[in-house]
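Dear colleague,

Please find below the structure I promised to hand over. My notes on what was found in it follow directly after.

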Amino acid sequence: MPVRDAPAAESVDVLIVGAGFAGIGMGIQLARRGRESFVIIEQAHDVGGTWRDNRYPGVSCDIPSHLYSFSFRQNPGWSRVFAEGREIQEYLRACVREEGLLDHLRLNCTLSHAQWSDDDGRWLVRTTQGEFWAASLVIATGRLTEPKIPLIKNLDGFGGRWWHSARWNAKVSLVGKRVGLVGTGASAIQILPRLAGEASEIVVFQRSAPYILPRGDREYSREEIERFAADPRTVTALRDELFAEAERGIGARQRRHPDIDLLRRRALDHLAASVGDAGLRRLLTPGYEIGCKRILFSDDYYAALQLGHVRQESSPLIRIADSSGASAGHGNRTAIAASGNAYELDVLVLATGFNVARPHIAGHIRGRRDRLLADEWSTGMVAHASTTVHGFPNMYVLDGPNAALGHNSAIYMIETQVGYVLRALDHLAASGADALDVTAEAVQSYMRDIDAMAQDTVWVQGGCTSWYRDERTGRVTLLWPDSATSFRDRLATFVPGQYEHLSRGGH
């Protein structure tokens with residue numbers, strides 16, 4: 001995707017960091033209204049975010065395609081109910097081409113440092129392609145960007161090959177190889193069925209069993225796609241139906257009865273129908289409440305686990321044996337689980353998720369009084385309206401603190417935040433101020449509301465630890481602990497009184 005080089009020092013109204021769903025969605029709306037100059041910087045060679053980085057076998061979305069796309073750019077041509085990763089990335093590429101974003105896009109452009117200047121009332125953003133002055137800064141780097149590598153002793157001493165699922169090494173053939181799959185989350189359950197068709201032996205290292213629901217994926221027929229293309233109202237109607245169905249899932253997350261009982265029974269019935277062996281079924285039965293961790297969707301994971309060359313190890317991988325304990329001719333390829341079981345492996349695949357609670361970019365952004373965003377978030381991510389951070393004027397974080405969902409589409413949430421940012425930009429332009437800085441009181445009030453909403457949910461009371469909660473404080477910092485509709489209602493109005501209005505010089 002050709003783009004022009006960035007000039008050495010460019011002044012723009014809005015600088016967007018990241019070209020995944022959030023950054024592209026923000027860019028589309030800015031381009032359509034045509035009021036603000038803007039650039040989108042992206043550290044990688046292409047757009048797509050999660051769907052560019054994750055190329056593992058079987059990668060696909062677990063939200064239906066027609067819901068996991070922009071409401072303002074519906075796609076009648078989705079090939080499947082649940083699109084595969086490459087098709088989602090191509091959708092985003094088409095958004096960039098057809099919405100006129102190419103001239104605004106800077107690829108291979110990494111943010112090195114962003115510094116708020118009180119004197120100038122702007123952000124100075126240093127990148128690998130030069131400097132930018134930006135009146136507003138939009139952080140759209142997402143949550144699934146930094147692979148989480150678990151603490152496995154002597155991992156670097158492993159004599160075979162290893163990689164994270166988000167950094168898939170397609171150059172290494174897995175045919176006939178002995179493979180360890182570490183993790184049983186959303187990526188792992190998509191990888192295993194494909195991996196089982198190539199590897200000679202597979203060991204699945206399970207820290208905790210996931211709840212899995214039937215997926216029900218299928219291809220759309222030619223007739224369906226033609227009907228969607230001929231009448232956009234059919235796409236809107238399907239999208240509304242999918243949204244309403246997903247939205248009903250919030251009742252179970254709020255531990256309401258019979259909602260949670262029915263959801264739990266559906267998952268356990270799927271397990272019982274799929275796994276006949278009582279011993280294996282016991283190992284695959286979660287020991288926490290449903291919804292506490294991410295609920296997964298698959299029609300073939302349980303079947304793959306029961307293949308003769310696949311073994312379930314119901315404890316985490318903790319270390320690689322040192323060279324003195326290795327088998328002759330294999331180097332140190334012995335992987336040892338917490339149970340003490342040892343396995344000779346050629347390849348390790350770490351399907352172990354992402355670092356979400358302490359985003360790396362927060363260590364590169366400084367606001368008023370030289371405050372580092374990483375320090376502001378040292379006890380957990382906080383933001384007002386899940387979007388603005390005290391002490392960081394004219395900065396907006398998309399898909400960040402308390403902006404994710406455990407039951408519905410992330411794209412709906414991103415669109416809601418984009419709308420909030422546009423209202424903030426409109427107010428700033430009308431106010432005559434140079435910058436808006438959300439008050440500490442507004443942030444604290446919003447976070448008290450979040451904590452109160454989360455208190456009785458399955459994420460707090462469900463008996464598990466998960467990426468939804470901050471690992472140091474236990475607070476729910478990733479999720480909006482209510483319905484998607486309530487999030488849109490909450491952000492529907494921009495309230496000027498929750499912001500300090502600044503002029504150049506910081507006053």
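**Notes on the model**

Ala374 is partly exposed, with a relative accessible area of 28% (buried means under 20%, exposed over 50% and partly exposed in between, with a 1.4 Å probe and protein chains only). This is a predicted model, in which local features need pLDDT of at least 70 and side-chain atom pairs count only at pLDDT 80 or more, while totals for chains, interfaces and linings use all residues. Residues are numbered from 1 along each chain as its sequence is written, and side-chain values use heavy atoms, with hydrogens and water left out.

Ala374 sits in helix α11 (residues 373-376), helices being DSSP runs of H or I with at least four residues, numbered from the N terminus. Not counting residues up to four places away in sequence, Ala374 touches Ala362 and Gly363, where contact means heavy atoms within 4.5 Å.

Turning to the interior, the largest nonpolar core has 127 residues, and Leu15, Phe21, Trp123 and Met395 have the most contacts inside it; such a core is a set of buried Ala, Val, Leu, Ile, Met, Phe, Trp, Tyr and Cys residues joined through side-chain atoms within 4.5 Å. Helix α12 (residues 410-431) gives the most to this core, with 11 residues. Because domain 1 (10-146 + 355-502) and domain 2 (155-226 + 249-350) both give residues to this core, it lies between them; the domain bounds come from an automatic or database domain assignment. Another core, of 23 residues, lies apart from it and includes Ala166, Ile260, Val476 and Leu479.

With best regards

Technical notes: Helices (H or I, at least four residues) and strands (E, at least two) are DSSP runs, numbered from the N terminus.
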